[in-house]
Amino acid sequence: MATTDATGFARYAWLTAGLSLLFCAAFTLYVWSEKRIDRANDLRHESELLSEELRQSSDDLTHMARSYAATGEPAFRRHYDTILAIRDGRAPRPLDYHIIYWDLVPADGHAPRADGPAVPLLTLMRQAGITPAELALLAQSKASSDRLTGIEQSAMALAAPHADAAVRAQASRMLNDATYHQAKADIMRPIMQFQLRLEQRTDASVRDAKQRAVWARHAFLLAGVLLVTLLLRVLWLLRTTLGASVTTLHASIARLGRGDFVTPITVEPGRENSVQGWLAATRAKLASSDASRAAAEEQVRYLAHFDPLTGLANSNQMQLLARQAFADAGRAGQPVALLFLDLDNFKDINDALGHGTGDAVLAELARRLRAQLAHDDVGCRLGGDEFVLLLRGAGRAEAPARAQQLLAAVAAPCRIEQYDLNLSASIGIALYPDDGTELELLLQRADMAMYSAKHEGRNGYRLFAPAMQAHFTRQLQLVAALRQALGSAQLQLVYQPQVALHSGAVVGAEALLRWRHPELGEVAPDEFIPAAEHSGLIVPLGAWVLRQAVRQARTWRDAGLPPLTMAVNLSAAQFRQPGLPELVSQVLREEGLAPDCLELELTEGVAMHDPHGAVHTMNSLHERGVRMAIDDFGTGFSSLSYLKQFKICKLKIDRSFVRDIGDNPEDQAIVAAIVSMARGLGLSTISEGVETEQQLAMLREQGCDEIQGYYYSRPLAADAFEAFVRARLAAVRLASDDGVSANNRTQARPIFGSARV
Ligand SMILES: Nc1nc2c(ncn2[C@@H]2O[C@H](COP(=O)(O)OP(=O)(O)OP(=O)(O)O)[C@@H](O)[C@H]2O)c(=O)[nH]1
């Protein structure tokens with residue numbers, strides 16, 4: 001509607017402009033028509049004057065000729081000639097020389113008026129717009145006049161100044177006889193006709209001009225009326241489009257310009273779509289965006305200090321609150337316990353149930369933690385599944401109990417969406433002022449303590465102890481050194497033989513990583529592998545081990561050793577790498593080893609951590625022809641249904657069951673069960689950590705397929721391993737030549753049994 005009004009307004013405005021032009025044109029036409037009437041009258045007047053001058057000059061000539069004839073006075077003769085000269089354009093025409101000139105000329109003959117240009121009377125008549133027909137009449141009159149002039153000239157020639165009275169009387173008669181009068185009448189007739197015609201013509205043209213003037217006046221008046229109507233309409237439309245008076249509109253705009261979005265702008269009913277209406281709507285929008293900006297600013301202020309997911313303080317806010325808590329505690333001489341809490345295996349919840357459920361868990365956890373806090377304690381979320389709690393007044397005696405309470409709160413039954421979850425957390429505690437007075441240091445120490453709690457099995461708490469600092473320092477040192485060592489000669493692989501029980505032949509080797517640092521010396525795998533795992537270095541390290549082992553297996557093949565299976569351990573992080581199967585295939589392809597010569601060992605814990613994912617990865621590796629084995633079997637909690645789905649070929653019985661197998665019936669039963677289950681699933685078994693003859697005998701009795709351990713050999717360098725295999729091969733051949741089982745022979749005397757690498 002507003003658009004229609006605005007369009008209508010524009011249309012009418014254009015129409016008004018057009019009509020104004022029309023109005024001006026009509027007015028101009030009207031004025032022009034009026035002027036034409038005046039012009040026609042002027043021309044008539046001028047023509048009459050000229051015809052009158054012709055007539056008058058003829059009379060004057062008669063008058064001068066007669067006077068001269070009667071008196072012989074030369075002045076009359078001079079005047080006569082002058083009149084003729086003026087009429088024919090031979091002498092200048094006095095200004096305003098119309099009818100009564102010669103009456104004004106004094107006796108001395110001086111001209112009473114100034115002279116104008118010399119123009120023949122006929123030329124003046126032509127210039128006065130006289131028509132050719134009219135002009136012909138005047139020319140006729142002029143010709144008659146000229147004829148009369150001839151008579152007059154003759155009469156005046158007779159009446160010379162000294163002529164006698166009779167001659168003079170004769171001259172006078174010539175100027176008064178019938179011929180003369182007839183000639184005179186010939187002059188006047190055409191003039192009369194001319195005047196009649198002139199009258200008719202000018203009447204017609206005046207009438208015509210008057211007619212036009214009437215039309216023009218009507219058009220002008222009509223245009224005026226229309227213009228006024230349109231102007232009124234335009235004003236009305238303008239008012240409708242504006243929706244208010246210009247003053248009101250100006251006041252509204254001025255208010256908005258001042259930034260006053262609060263005072264409402266009133267709009268008459270039905271005028272919502274006018275300029276005033278738009279202003280009112282704009283004001284409302286500006287007011288609301290002002291409000292949303294204020295809300296957004298409030299939100300930004302909130303987000304700067306609080307975690308939006310849990311509503312707890314964020315790390316920025318924690319800095320302030322901790323400083324306050326430490327300052328208060330410092331003044332009061334009281335302790336503050338800083339608890340660093342991290343959920344256990346939270347990543348699994350995210351991975352298995354989705355990030356949304358993970359978020360819900362974090363929110364629920366925050367709610368539980370908040371419920372455990374006293375009013376002056378501080379709870380904040382650092383990020384992820386990490387929370388920091390500042391417990392005022394809690395020292396070495398109170399902090400453990402508070403931590404225990406928090407752990408109990410976390411572990412309480414928890415139902416999120418449709419899932420019943422068992423949550424647990426690990427807590428590290430650092431105490432103000434004993435462990436530090438600066439937040440940064442206390443956080444670092446509580447983090448170390450938390451890491452220790454994780455390391456010791458999770459779902460527990462640890463107070464910071466200085467030894468932890470040493471441990472972490474060592475860890476950092478190891479990580480830095482390991483990063484340098486990657487790909488250098490400091491890292492080496494050793495190989496522990498895997499022997500088939502039924503034949504005594506070496507059927508495989510387990511590749512094991514060793515690290516000798518120039519300053520740190522020999523670093524135990526137990527120490528550097530966790531450091532590598534913690535720092536993420538385990539992934540490139542594992543890839544390096546895989547390539548070295550595969551390359552070595554290929555070298556042995558080329559050296560003529562019998563086919564061996566190269567067993568390589570996979571870390572959890574490696575196994576979770578999405579590109580693992582492709583990497584394995586690429587290494588095998590590049591090093592030229594058949595896939596079935598490679599056996600990847602995976603601990604039970606890693607496989608069962610995410611059984612779905614493990615099945616997927618194992619399937620992919622299996623399709624590529626690579627063998628898989630479960631390491632340390634029996635220490636974790638394998639689900640038999642998953643075990644069935646895993647594409648594995650071997651179970652490695654953990655050394656803890658082998659150690660006392662000779663004396664411990666339970667271990668015997670476990671090993672027997674594992675072997676029997678493996679057979680049932682079509683898997684082979686290998687026992688690790690076999691050191692004694694007795695252990696070997698028991699495992700043989702239980703039906704284990706392969707043996708690995710010091711009984712046969714410690715892990716060997718590549719050369720030593722090759723020599724070991726050749727020696728064992730020779731021994732097996734010799735034994736079979738003697739008809740004695742190689743196994744029996746070699747059982748008594750393990751080869752390289754004491755070799756240490
Ligand atoms: N749902 C959710 N997950 C988050 C958020 N922030 C970080 N995470 C995830 O939280 C997980 C934290 O895992 P970690 O604490 O490193 O590991 P964990 O699985 O808890 O294992 P441990 O701490 O060793 O017991 C990671 O997978 C992050 O991707 C968040 O705001 N919401």
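**Entry 1: the strands around S11**

How many bridges pair S11 with strand S12, and in which sense, parallel or antiparallel? I counted four bridges between S11 and S12 (residues 598-603), and the sense is parallel. I am working from a predicted model, so I keep that in mind throughout.

I looked for the register next. Met566 faces Leu598 of S12 across the pairing. On another pairing, S11 runs parallel to strand S9 (residues 506-517), again with four bridges. There, Met566 stands opposite Ala509. I noted Met566 as a residue with a partner in S12 and a partner in S9.

Then I checked burial. S11 covers residues 565-569, and five of its five residues are buried. In a regular strand the side chains alternate between the two faces of the sheet. I therefore looked at each face of S11 separately: Thr565, Ala567 and Asn569 lie on one side, Met566 and Val568 on the other, and all are buried.

**Entry 2: onward from S9 to S8 and S16**

I followed S9 to its other pairing. Strand S8 (residues 491-500) joins S9 through nine bridges, in the antiparallel sense. Ala509 turns up again here, as the bridge partner of Pro497. Five residues separate the two strands of this hairpin, and Gly504 has a positive phi near 80°.

S8 also pairs with strand S16 (residues 706-707), antiparallel, over two bridges. Val499 has Ile707 of S16 as its bridge partner.

**Entry 3: the ligand shell**

Which residues come closest to the ligand? I found Asp344, Phe346, Lys347, Gly358 and Gly384, out of 16 residues that surround the ligand. Sorted by class, the shell holds seven charged, five polar and four nonpolar residues.

I also asked which elements supply the shell. Strand S1 (336-343), helix H10 (346-353) and helix H11 (355-372) each give at least two residues.

**Entry 4: the annotated membrane spans**

I looked up the record. An unreviewed UniProt entry places "transmembrane region" at residues 12-32 and 219-238. I compared both spans with the model. Residues 12-32 are 100% helix and 0% strand, and their end C-alpha atoms lie 30 Å apart. Residues 219-238 are also 100% helix and 0% strand, with end C-alpha atoms 27 Å apart.

I then picked Arg11, which is in helix H1 (residues 2-71). Is Arg11 buried or exposed? Arg11 counts as exposed because 12 other C-beta atoms lie within 10 Å. I paired Arg11 with Val234: they are 223 residues apart in sequence, yet their C-alpha atoms are 9.2 Å apart.

**Entry 5: Leu242 and helix H8**

Leu242 belongs to helix H6 (residues 178-242). I find Leu242 buried, because 20 other C-beta atoms lie within 10 Å. Leaving out residues up to four places away in sequence, Leu242 touches Leu249, Ser274, Val275 and Gln276. Asn273 is 31 residues from Leu242 in sequence, and the C-alpha distance is 9.1 Å.

Two of those contacts took me to H8 (residues 275-305). Val275 and Gln276 are buried in H8, as are Gly277, Leu279 and Ala280. I checked the length of H8 too. Its 31 residues reach 44 Å from first C-alpha to last, close to the 45 Å expected at 1.5 Å a residue.

**Entry 6: backbone oddities**

I went through unusual backbone angles. Tyr432 and Pro433 are joined by a cis peptide bond, with omega about 5°. Pro433 sits in the loop between strand S6 (425-432) and helix H13 (439-455).

Past H13, I stopped at Arg458 in the loop leading to strand S7 (461-463). Its phi is positive, near 70°, and Arg458 is not a glycine. Arg458 is partly exposed because 14 other C-beta atoms lie within 10 Å.

Asp632 is another non-glycine with a positive phi, about 50°. I located Asp632 in strand S13 (residues 627-633). Asp632 is partly exposed, since 19 other C-beta atoms lie within 10 Å, and the cut-off for buried is 20 or more.

**Entry 7: whole protein**

I closed with the totals. I list 26 helices and 16 strands. Of the 757 residues, 34% are buried. Among contacts between residues at least 6 apart in sequence, 69% join residues at least 24 apart.

Key: Residues numbered from 1 in each chain as written. Near = placed C-beta within 6 Å. Nonpolar A, V, L, I, M, F, W, Y, C, P; charged D, E, K, R; others polar. UniProt positions renumbered as here; feature names shortened; annotations may be inferred. Expected span 1.5 Å × (residues − 1). Pairing = 2+ DSSP bridges. Contact = placed C-beta atoms within 7 Å.
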